Amino acid sequence: RTHLFAGLVNYRTETIGETLATMRRSVGHSLTRGTGLWYFLLAGNTTFHDQQIMADIAHMKVICDKAIQHNRAPAAEVAVFADEASMHLYDTKHPMAAALGIQLLDELARAGAPYDLYLLEDIANAALPDYRVYVFPNAFRQDATLHAAIKRKVRRNGATVLWTYAPGFAGTDGGDVARMAELTGIQIDCLPKGIPAGSLNEMKRHPITSGLTTPPACAFSLAPAFTVVDKRATVLARNKACAGLAVREFPAWRSVYSLLAPDRELLLGVYRYAGVHVYCDTFDTVGASRDYLMIHTASAGPKTLRLPQKCDVTEQISGKVVGKGIDTIHETLPKGETRIYRLAH
């Protein structure tokens with residue numbers, strides 16, 4: 001909803017500048033996802049009834065028409081697999097559900113690298129590309145066929161897998177940590193009474209924790225909770241109640257377990273550990289396809305965008321040629337600004 005929307009709602013843009021930046025972010029999202037885009041009128045014609053808005057939409061249309069000639073294939077090295085069926089197994093009003101759902105999407109968007117989002121069943125699709133990082137935020141249910149498909153896909157090519165909370169635990173038997181170990185490769189024990197709110201205040205220095213400014217923390221109690229008991233795993237964060245963040249390395253893959261929902265800092269650390277190309281480490285929203293890169297700033301200040309290879313860069317909204325044969329973009333931007341770059345290889 002733009003700043004022109006007059007209804008009583010809990011979200012809308014506040015100014016013409018925020019409206020334009022948000023619309024441009026939507027265009028950047030489409031160009032870096034290879035998707036379509038349309039604008040939907042709310043409350044009659046008032047939502048976009050402004051000459052500056054319509055002129056900007058016309059300008060974006062020209063950019064999008066030209067983009068059809070270019071490569072908008074995804075550039076993500078990270079895949080996230082959400083499981084709708086597992087949502088029947090827990091209280092979707094619990095704070096943990098939000099942390100593994102809508103809040104995680106925000107953390108992923110600002111972790112510095114693009115990601116592709118799938119349903120969990122897609123892991124068995126033979127056409128699924130290979131990724132450096134696989135994220136399973138809520139793969140909680142018992143399903144031997146699905147678990148076998150997951151293991152076939154992720155346990156190779158040096159991939160890194162990030163599991164959250166209770167992978168494979170829930171089932172008709174009430175829950176089994178042996179399934180968690182079979183799926184993750186890490187021995188994990190259950191704490192039926194759970195843990196109180198707090199942080200995993202004992203943190204080990206490691207590439208995975210390199211992006212963390214503070215130890216992982218949970219603002220609410222969690223029951224049941226789980227603790228890593230595998231002596232072959234490296235515990236990265238813990239408190240007196242549990243070991244809640246750990247990694248185990250295998251010859252062909254690496255398994256990372258996090259009791260808590262990962263935030264952007266932990267995701268950045270996992271990306272660095274896995275060798276994912278990180279475009280930006282200032283926790284702004286970024287998206288990237290083969291020929292396009294978008295940033296929407298969460299804070300004001302200098303921004304450095306690192307490209308996978310040297311190319312000619314043109315900022316699409318202004319038409320400014322940023323540079324030729326460059327692999328780094330330096331900009332000083334205000335908060336809430338959107339830039340869309342065309343990358344000519």
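User: Which residues form one aromatic cluster here?

Analyst: Before we look, remember that this is a predicted model. The cluster is made up of Phe 81, Tyr 118, Tyr 131, Tyr 134, Phe 136 and Trp 163. Across the structure, the count comes to 12 aromatic pairs.

User: How are the rings of Phe 81 and Tyr 134 arranged, and why does that arrangement get its name?

Analyst: The general idea is to look at the angle between the ring planes, where under 30 degrees counts as stacked. For Phe 81 and Tyr 134 the planes are at 25° and the ring centres are 6.3 Å apart, so this pair is stacked. Phe 81 belongs to strand β1 (residues 78-82) and Tyr 134 to strand β3 (residues 133-136), so the pair ties together parts 53 residues apart in sequence.

User: Are those two residues buried or exposed?

Analyst: A residue counts as buried if its relative accessible area is under 20%. Phe 81 is at 0%, so it is buried. Tyr 134 has 1%, and it is buried as well.

User: What kind of aromatic pair do Phe 169 and Phe 226 form?

Analyst: Here the angle to look for is over 60 degrees, which counts as edge-to-face. Phe 169 and Phe 226 have 70° between their planes and sit 4.9 Å centre to centre, an edge-to-face pair. This pair also links distant parts of the chain, 57 residues apart: Phe 169 is in the loop between β4 (159-164) and α6 (177-184), while Phe 226 is in strand β9 (residues 225-228). Phe 169 counts as buried at 13% relative accessibility, and Phe 226 counts as buried at 0%.

User: Which rings have an Arg lying over the face?

Analyst: There are two cases to look at. Arg 33 lies over the face of Tyr 115, 4.8 Å from the ring centre. Arg 254 does this with Tyr 273, at 4.1 Å from the ring centre.

User: Let's move on to empty space. How much of it lies in the largest pocket?

Analyst: The general idea is that rolling a probe the size of a water molecule over the atoms shows where empty space is left. In this model, the largest pocket holds about 580 Å³ of space. Its lining has 27 residues, and the closest to the pocket centre are Arg 25, His 29, Ala 109, Thr 285 and Met 294.

User: Which helices and strands each supply at least two residues of that lining?

Analyst: They are α1 (16-33), α4 (102-109), β2 (115-119), β13 (285-288) and β14 (292-296). Of the contributors, α1 gives the most, with seven residues. By class, you'll find 13 nonpolar, nine polar and five charged residues in the lining of the largest pocket.

User: What about the second largest pocket: what is its volume, and which residues are closest to its centre?

Analyst: The volume of the second largest pocket is about 440 Å³. It is lined by 18 residues, with Arg 1, Thr 2, Thr 13, Thr 22 and Arg 25 closest to the centre. Again α1 provides the largest share of this lining, six residues. The split for the second largest pocket is six nonpolar, eight polar and four charged.

User: And which residues line the largest cavity?

Analyst: A cavity is a space where the probe fits but cannot get out. The count comes to one cavity of 30 Å³ or more, and the volume of the largest cavity is about 30 Å³. Leu 120, Ala 139, Phe 140, Arg 141, Asp 143, Leu 146, His 147 and Ile 150 line the largest cavity. That lining divides into five nonpolar, one polar and two charged residues.

User: Now the helices. How many residues of α7 are buried?

Analyst: 10 of the 11 residues in α7 are buried, so α7 is mostly covered. Among the structures covering those buried residues are β1, α4, β3, β4, β11 (243-249) and β12 (253-258).

User: Which residues of α4 are buried, and what do they pack against?

Analyst: In α4, the buried residues are Leu 104, Glu 107, Leu 108 and Ala 109. They pack against β1, α3 (95-99), β2, α7 (264-274) and β13.

User: Last one: what does Val 154 touch?

Analyst: Val 154 is in helix α5 (residues 144-154) and is buried, with a relative accessible area of 0%. Leaving out residues up to four places away in sequence, Val 154 touches Ile 123, Tyr 134, Phe 136, Ala 159, Val 161 and Trp 253.

Note on methods. Residues numbered from 1 in each chain as written. Predicted model: local features only at pLDDT ≥ 70, side-chain atom pairs only at ≥ 80, totals over all residues. Heavy atoms only, no water. 1 Å grid on protein atoms, 1.4 Å probe; cavity = no way out; pocket = protein on both sides within 12 Å on 5 of 7 lines; lining within 4 Å. Points joined across faces, edges and corners; volume = space filled by probe spheres on them. Helix = DSSP H or I, 4+ residues; strand = E, 2+ residues; numbered from the N terminus. Nonpolar A, V, L, I, M, F, W, Y, C, P; charged D, E, K, R; others polar. Phe/Tyr/Trp six-rings, centres within 6.5 Å; stacked < 30°, edge-to-face > 60°. Buried < 20%, exposed > 50% of the residue type's maximum accessible area, 1.4 Å probe, protein only. Lys NZ or Arg CZ within 6 Å of the ring centre and 35° of its normal. Contact = heavy atoms within 4.5 Å.
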